[in-house]
Each structure stands twice: as structure tokens, then as C-alpha cells.
Amino acid sequence: MPTRACYVAYKKTHPSIPIGFISAAIQQPVAALPSFAPDDSDAGTEDSPFVSARPRDKTALDLTKARLEILTLGVLPSHQHCGLARRLVRRVVDALRMSCAANAVDGIPIFANVAVSNTEALKFYKRIGLEVSPCIIRNLYRTLSYGSKDAYLVVGVI
Ligand SMILES: CC(C)(COP(=O)(O)OP(=O)(O)OC[C@H]1O[C@@H](n2cnc3c(N)ncnc32)[C@H](O)[C@@H]1OP(=O)(O)O)[C@@H](O)C(=O)NCCC(=O)NCCS
């Protein structure tokens, strides 16, 4: 599918052992929906995690425009802090830019959801140039084993 991509990283010496992965998708514009955006006055309430944008808010996500969502990203602990995740993000962004109409995705906003407790991933995303929205998305992750977890939205153009 031209709007989706998934890459697995492995060492040349051990091609059967994955050491990192990423998947991402171009989310197409949705007509007649408001922007997804944080607002301090209403951030993260049960009823309304999605609220209107503040002017010039860098973490606002306009749903009426195409955007690239990082769906999954992981690097084996033994291979972290070597620049692998940064390369995987770059690779998937470039691949999706090439497979879609270049004009439509040039400068496309990139976003991901990150569990509030995942401070390592938040630091990573900030380091590669994305911004963490002050808005908390309540109960985004729900599992039988661990219950529900809140998430942040990270957004930017890289
Ligand atoms: C988040 C994760 C993918 C980062 O992978 P990584 O390969 O170690 O990241 P990179 O080496 O490419 O790091 C890129 C930059 O982010 C920084 N960075 C990465 N992890 C960091 C951390 N925990 N604290 C501070 N900075 C960090 C690196 O120092 C690097 O900065 P630099 O290029 O200026 O030196 C990895 O920690 C991971 O797999 N975590 C578990 C799964 C997960 O949380 N995935 C994200 C779900 S949304």
C-alpha cells in the first residue's frame, strides 16, 4: 500500500535477527472535522481530550491536511542510543514521501502517540525535532494485563 510502510532493521552479520522496526502510515485529510489541538483550559478531560487550536500552536494537528503517523517504533535495548531509531524514522518518512504524490506530503506533519509514562520515547522524539503536546489523551492504550494508559501526542515536521 503506497500510504503505509514498515521497515525492520538487522545486522548484516545476523540477517535473521531483527534489532529494530518501524511502521507508519499517511493519514488522509478528513473533511469537516476540527483540528486536533491542545488547550490548557481543557487539556485531557475525560469528555474532551480533543479541543480547538491555539493560534500558532506548533503541536496542533490539522486533520483536514495529510499527516504521517508513526504507528510503531522499537529498538532492542542492546542496540539503543546508536542512532538506529532516528535512521528508521528518516527511512520511513522518505519512503512514504516517495511513494505518495510528492507535493501532497512535502513538509507533511509527523505525529505519534506516546504513553505519558514513556519518558525515554518522549526524550527521543524531542531530540529528533518533534514537540510534545501539553494535551493528555486519556486511556488511549487499553490492555487486559496493564489496564489503561494516558498518552501524549508528539508532532512536528522533520
Ligand atoms: C525510543 C527508542 C525507539 C529510541 O531508539 P534509539 O535507537 O535508542 O534512538 P536513537 O539512538 O536513534 O536516538 C536519537 C536521538 O535521541 C536521543 N535519545 C534516544 N533515547 C533517549 C533517551 N532515553 N534519553 C535521552 N535522549 C535519547 C539520542 O541520544 C539521540 O540523540 P543524538 O542523535 O543527538 O545523539 C528506544 O528507546 C525504544 O525502542 N524504546 C522502547 C519502545 C518505545 O518506547 N517505542 C516508542 C513508542 S511510541
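## A walk through the fold, its cores and its ligand site

Read along the sequence, the protein follows the pattern β-β-β-α-α-β-α-β-β, which amounts to three helices and six strands. Please keep in mind as we go that this is a predicted model. Buried residues make up 37% of the 158 residues in the protein. If we take the contacts with a separation of 6 or more, 65% of them join residues 24 or more positions apart. On the outside, the protein exposes about 9600 Å², and carbon and sulfur atoms supply 56% of that area.

Let us begin on the inside. In soluble globular proteins, nonpolar side chains tend to be buried together. Here, the largest nonpolar core has 29 residues, and those with the most contacts inside it are Leu-68, Ile-70, Tyr-125 and Val-154. Which elements give two or more residues to this core? They are the strands E1 (4-11), E2 (14-27), E3 (67-75), E4 (110-115) and E6 (147-156), together with the helices H1 (84-99) and H3 (119-127). The largest share, seven residues, comes from H1.

Ile-70 makes a good place to look around. Leaving aside its neighbours within four places in sequence, Ile-70 is in contact with Ile-22, Ser-23, Ala-24, Val-89, Ile-110, Phe-111, Ala-112 and Tyr-125. One of these contacts, Phe-111, belongs to a second, separate core of five residues, which also includes Leu-61, Leu-153 and Val-155.

From here we can move to Val-75, which is placed in strand E3. Is Val-75 buried or exposed? Val-75 counts as buried because its relative accessibility is 15%, and the cut-off for buried is under 20%. Val-75 and Gly-20 are 55 residues apart in sequence, yet their C-alpha atoms are 4.1 Å apart in space. Not counting residues up to four places away in sequence, Val-75 touches Ile-19 and Gly-20, and also Gln-80, Leu-84, Ala-85 and Leu-88.

Continuing past strand E3, we come to His-81, which lies in the loop between E3 and H1. The backbone deserves a look here: His-81 has a positive phi of about 65° although it is not a glycine. With 78% relative accessibility, His-81 counts as exposed, because the cut-off for exposed is over 50%. A positive phi in a residue other than glycine also appears at Asn-139, where the value is near 55°. Asn-139, however, is placed in strand E5 (residues 131-143), and its relative accessibility of 22% makes it count as partly exposed.

His-81 also leads us to the ligand. How many residues surround the ligand? There are 19, and the closest are Leu-73, His-81, Gly-83, Asn-118 and Glu-120. Several polar atoms can be picked out around the ligand. A polar backbone atom of Gly-83 is 2.7 Å from an oxygen atom of the ligand. Arg-127 brings a polar side-chain atom to 2.8 Å from a ligand oxygen, while an N or O atom in the side chain of Gln-80 is 3.5 Å from an oxygen atom of the ligand. On its own the ligand has 920 Å² of accessible area, and the protein covers 75% of it.

Gln-80 also takes us back to the inside, as it is among the residues that Val-75 touches.

Note on methods: Residues are numbered from 1 along each chain as its sequence is written. This is a predicted model: local features need pLDDT of at least 70, side-chain atom pairs count only at pLDDT 80 or more; totals for chains, interfaces and linings use all residues. Side-chain values use heavy atoms; hydrogens and water are left out. A nonpolar core is a set of buried Ala, Val, Leu, Ile, Met, Phe, Trp, Tyr and Cys residues joined through side-chain atoms within 4.5 Å. Buried means under 20% relative accessible area, exposed over 50%, partly exposed in between (1.4 Å probe, protein chains only). Helices (H or I, at least four residues) and strands (E, at least two) are DSSP runs, numbered from the N terminus. Contact means heavy atoms within 4.5 Å. A residue is near a molecule or strand if one of its heavy atoms lies within 4 Å of it. A polar contact is a pair of N or O atoms within 3.5 Å; within protein, one must be able to donate a hydrogen and the other to accept it, and residues adjacent in sequence count only if both atoms are side-chain atoms. Accessible areas come from the Shrake-Rupley method with a 1.4 Å probe; for residues, only the protein chains shown count as cover.
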